[in-house]
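Dear colleague,

I am handing over the structure below for your attention. The findings follow directly after it.

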Amino acid sequence: MIPISYWRNRRSYTALMGSRCRACGAEYFPPVRVCRKCKSRDIEPREMPRKGTLITYTKLTEPAEEFGKQTPVYLGLIELSNGVKLVSTLADVSESELNEGAPVSMVIRRWTEEGPTGIIYYGYKFKVDAAYSMS
Amino acid sequence: MRKVAILGATMTKFGKLTQGLDELLLEPSLTAIESSKLSEKDLDLLYISNMLGGELTKQVSLGTMLADELGVKIGADRIENGPAAGASAIKDAFIAIKSGLFDLVLVAGAEKMTHMATEVISEYISYMLHPVERMSGATLPSLGAMLARLYMKQYGVTSEDLAMIAVKNHKNALNNPYAHLQKMVTVDNLLHSNEMEKINPMVADPLRRFDISPISDGGAAVVLAELEVAKKYTDLPVTIEGFGQATDSLALHERPVPTDINAVKEASKQAFKMSGISPDQIDVAELHDAFTILELVESEDAGFFEKGTAHKMVREGQTEIGGKLPINTSGGLKARGHPLGATGLSQVVELVWQLRGEARGRQVPGATYGFSVNLGGFGSNAVSLILKRGD
Ligand SMILES: [Zn+2]
């Protein structure tokens, strides 16, 4: 179930909107209200870079019910080029290109949909870069 | 200084059961009260540990429900801390007694799960993850898998090492009549047989079915008492010497070293400090092996083994009964079963049986100190407990 706050926070999901601490410069995704490092509340919105590298990954063959139609779900732990990390679904996977250190970029894809209402939720996924795939 | 002791401690058999959530709370409670030589009216307070009562069985206000069924009108709360609700409830009972306000407290925990499909359970369990991870399709096993892949690469751990943990825990469960899965398995039939893909398929690469704890029904109950009060009822009190609890970032991705479970490190450090003993004094440990990899990582982060060496201890048999530190003599979450809200209590029940010398075919001879760690969330909340055989 997608929480109602999806709509308030959708810039995080479609534009990787995170935040940056004005006091110490630390960046966060998803956005925070209090800096984890220096505890400052002087925080500004900051879009994250859309490129990064794959730290590790898994192929999930028993996903949660709402992602069942997408089985198998490939998930990656990704380090963005600014050092911020996130866990994301991987899109358009060919298993041979799943390697630690592979360069990845953000794409917007369908996350899931609500059964009775048919509302479709979109958000970020990451995809191994084409140049890397060919090499 | 008031001390806190355990009187009655018991559990239902774990598994696919016919009882409902109310019975899974009531049955072990009645047994625990009776074996404490108490009656319901002696209780001062009760805590329930449960994670998904509303979602899976459409029942909340479980504290009121159990108090009513026991025929008492005492204070009663449900404690929710993901699958660490059990140890959290013990912690709260410990604090209540330690404070001097209450002398006799019942803690009962249960979960009813097996009537629901696996993917539904996976979804409800994933509600304890950070929303951005969950909305990306992450489940607990998928995060466990990524931790496992990083850890195995860094420390040279193999799938055989992980399978050995499952084999050990299944072997222990054969001697535990309360365990959910009582089936002997070997590394060969899990990883090297023609039937491997059938009996042990990949769930979240590199974790296979036998790296992951089952979905179980079950209940457990523990009566805690102030030590001087406890001595009126038993010659074999088990004392709670210390606890610790710590949280870490809700999201795995925010942890600087994803293979470290800092909540376990911090909670265990606190528990050892409070009890004034060191990890090498522990005789038997119940760890939260929701995934085999977690038993390895927790045995290091709790302070028993150097980082990156736990798999060598497993290879040498040091975590088996008879080894240096027997881990999960009950069968662990893997084989005893994992009814979320009952799990932390069942760890304590096993330690009490071990410390009282009542663990029969799986007894660790002369066990004096027991340790447990119960995880809530994916390493984001940990509760450690240290128990001691009464003198
Ligand atoms: Zn800061």
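In this predicted model, chain A and chain B each bring 26 residues to the contact between them. On the side of chain B that touches chain A, at least two residues come from each of helix 5 (118–126), helix 6 (131–135), helix 7 (140–155) and strand 5 (202–204) of chain B. The most is given by helix 5 of chain B, which supplies six residues. Sorted by class, this side of chain B holds 13 nonpolar residues, eight polar residues and five charged residues.

The second finding concerns a sheet in chain B. Nine strands of chain B make up an open sheet with mixed pairing, and their order is 3-2-4-7-1-8-11-10-9. The edges are taken by strand 3 (75–79) and strand 9 (284–286) of chain B; each has a single partner strand, so one side of each has no neighbour in the sheet. On average, and with direction ignored, neighbouring strands of this sheet are turned by 25° against each other.

At one of these edges, strand 9 of chain B pairs with strand 10 (residues 369–376) of chain B in the parallel sense, over three bridges. Opposite B:S372 in strand 10 of chain B stands B:E286.

A helix also packs on this sheet: helix 3 (residues 62–70) of chain B touches strand 2 (45–49), strand 3 and strand 4 (104–111) of chain B. The direction of helix 3 of chain B makes about 135° with that of strand 3 of chain B.

With kind regards

Methods:
Residues numbered from 1 in each chain as written. Chains lettered and ligands numbered in written order. Predicted model: local features only at pLDDT ≥ 70, side-chain atom pairs only at ≥ 80, totals over all residues. Contact = placed C-beta atoms within 7 Å. Helix = DSSP H or I, 4+ residues; strand = E, 2+ residues; numbered from the N terminus. Nonpolar A, V, L, I, M, F, W, Y, C, P; charged D, E, K, R; others polar. Pairing = 2+ DSSP bridges. Axes fitted to C-alpha atoms, helices over the stretch in contact; angles between N-to-C directions.
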